[in-house]
Amino acid sequence: MKIKISVIIPVYNMARYLPECLDSIVRQTLNDIEIIAVNDGSVDDSLLILKQYANEYKIITILSQQNQGAGVARNNGIRHARGKYIAVMDPDDYYPQNDCLEVLYNAAEEHNVLICGGIIMGNYNGERHLWDKTETRAFYCNKLIDVNDYLEIYGHQRYIYNTDLIKENNIFYLTCRRYEDQVFALNALVCAKKFYGVNKVVYEYRRGYKKTKYTMEISRDILYGIKETLKIVRNNNLMLMYENRIRKIHLDYCIPFYKYSFCGNQEIDEQIEEINVLIRDWIGMEEPLVLSRERVKYMIAESWKEYKIIMNTLNSNRMKIIYGAGIIAHNFIEKNWDIMKNVIGVAVTQKENLTDNISGKILVKQIEEYLPYKDEVQVLIVTTPVYYLEIEQNLNRLEFKNIIKPDIKKIELAESLE
């Protein structure tokens with residue numbers, strides 16, 4: 001049998017979701033695939049589940065190792081891969097349709113490319129939303145993409161990679177435990193120079209069931225991964241990617257950058273300084289990503305200010321609406337539910353295909369349904385900042401008088417400092 005795709009799964013304590021993941025792979029319509037599951041020292045029933053599936057499906061190979069993290073596990077799987085292409089699946093995720101791999105494989109073969117990818121769907125506790133932003137989805141319209149024109153640094157699971165491309169160019173995941181995947185995908189994309197994007201959701205990413213704890217060690221690994229990502233972007237002059245995704249990465253990862261910087265931890269400070277040098281030499285001293293003690297001190301002060309304003313707003317008796325029903329709004333509501341007063345509902349631009357409530361606590365309605373309250377209600381926009389302008393313009397059009405845009409990242413930083 002000539003194997004077409006090797007699907008690699010790093011598995012650590014994922015018994016809860018592993019069967020759904022494996023079912024989505026074995027049901028794929030593409031023939032001649034193999035599954036390489038790397039048990040990364042699991043102590044739950046993950047290995048038992050893998051063995052049960054391997055007994056039923058001979059395409060599954062199980063590798064076992066001591067717990068070393070997903071990057072090391074994926075590298076182990078890559079070294080054993082026999083397929084023409086490699087796909088990477090996380091054990092809590094799944095393929096949303098049975099033909100995902102077939103569509104990717106056929107497109108890669110038809111267009112003679114080394115990498116082929118598609119759109120990612122986010123799954124927040126059963127509620128499905130497109131994970132990719134609008135500008136990212138524009139690249140996945142059944143067309144060939146030059147890497148120099150591409151914006152995204154996330155979503156390594158969306159692609160199938162030519163195995164020879166990976167092995168012959170010694171492209172592997174970082175061995176740190178966080179932010180190890182962006183470097184792998186970027187190295188592969190840069191090496192391939194182009195990829196084909198299919199107009200199809202090919203991967204479902206599960207979110208919301210676990211919370212990120214930004215310990216000192218995790219933050220160090222994230223900063224290391226960002227530094228290595230920056231090296232690739234700078235060395236290949238991927239300016240569009242830098243401007244659209246990386247320039248404000250210190251805001252996406254507020255806690256690693258601001259909580260631990262200049263606090264006496266040598267490893268953290270070394271990573272920050274190396275990032276500073278990379279950006280200063282490439283872009284210039286005034287880039288916001290270049291951190292100093294003064295910038296860190298200012299950011300922390302601003303975060304406390306934002307936190308106090310929003311907490312006081314939530315705790316006031318004034319009527320409020322939360323605008324947004326995505327993962328950011330879910331987390332915001334869950335975290336602050338006990339102090340939120342007089343919140344009359346959640347608003348969205350389009351109610352179609354959305355849940356009727358969030359966590360069974362608060363109703364979701366289209367924004368027009370709240371028009372009777374437009375003069376007195378406070379509207380808190382709790383979404384990804386990229387949508388702020390569009391939402392604010394819509395609220396102004398509808399003549400809502402009181403619009404508030406909480407800075408969620410600043411609030412998270414302040415909470416971590418308590």
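Ring pairs join F139, Y140, Y150, Y159, Y161, Y173, F184 and F195 into a cluster, and in this predicted model the structure as a whole holds 16 aromatic pairs. Within the cluster, the rings of Y140 and F195 have centres 6.0 Å apart and planes at 40°, and because planes from 30 to 60 degrees apart count as neither stacked nor edge-to-face, the pair is classed as tilted. This pair links distant parts of the chain, since Y140 sits in the loop between α5 (134–137) and β7 (143–146) whereas F195 belongs to strand β9 (residues 194–207), 55 residues apart. Both Y140 and F195 are buried.

Y242 and W282 form another aromatic pair, with an edge-to-face geometry at 5.1 Å centre to centre and 65° between the planes. Here too distant parts of the chain are linked, with Y242 in helix α9 (residues 239–246) and W282 in helix α12 (residues 266–282), 40 residues apart. Y242 and W282 are likewise buried. The two pairs are set out below.

| Aromatic pair | Centre to centre | Angle between planes | Class |
|---|---|---|---|
| Y140 and F195 | 6.0 Å | 40° | tilted |
| Y242 and W282 | 5.1 Å | 65° | edge-to-face |

In soluble globular proteins, nonpolar side chains tend to be buried together. The largest nonpolar core of this model has 68 residues, of which I249 and F257 touch the most other members. Helix α7 (residues 181–192) supplies the largest share of this core, with eight residues. Apart from this core lies another of 35 residues, which includes L50, Y53, V113 and Y196. As for F257, when its neighbours within four places in sequence are left aside, the residues in contact with it are L223, I226, I249, H250, I272, I275, L289 and L291, so that I249 is itself among the contacts of F257.Turning to enclosed space, the model has one cavity of 30 Å³ or more, and about 30 Å³ of space lies in the largest cavity. The lining of the largest cavity is made up of Y150, E152, I153, Y154, Y159, A185, L186 and L189. Divided by type, these lining residues comprise seven nonpolar, no polar and one charged. Helix α7 gives the most to this lining, with three residues, and α7 is also the source of the largest share of the 68-residue core. Y150 and Y159, which help to line the cavity, are also members of the aromatic cluster described at the outset.

Technical notes: Residues are numbered from 1 along each chain as its sequence is written. This is a predicted model: local features need pLDDT of at least 70, side-chain atom pairs count only at pLDDT 80 or more; totals for chains, interfaces and linings use all residues. Side-chain values use heavy atoms; hydrogens and water are left out. A nonpolar core is a set of buried Ala, Val, Leu, Ile, Met, Phe, Trp, Tyr and Cys residues joined through side-chain atoms within 4.5 Å. Buried means under 20% relative accessible area, exposed over 50%, partly exposed in between (1.4 Å probe, protein chains only). Helices (H or I, at least four residues) and strands (E, at least two) are DSSP runs, numbered from the N terminus. Contact means heavy atoms within 4.5 Å. On a 1 Å grid over the protein atoms alone, a cavity is a set of points where a 1.4 Å probe fits but cannot get out, and a pocket is an open set with protein on both sides within 12 Å along at least five of seven lines; lining residues have an atom within 4 Å of a point. Grid points are joined across faces, edges and corners, and a volume is the space filled by probe spheres set on the points. Ala, Val, Leu, Ile, Met, Phe, Trp, Tyr, Cys and Pro count as nonpolar, Asp, Glu, Lys and Arg as charged, and the others, Gly among them, as polar. Rings of Phe, Tyr and Trp (its six-membered ring) pair if their centres lie within 6.5 Å; planes under 30 degrees apart count as stacked, over 60 as edge-to-face and the rest as tilted.
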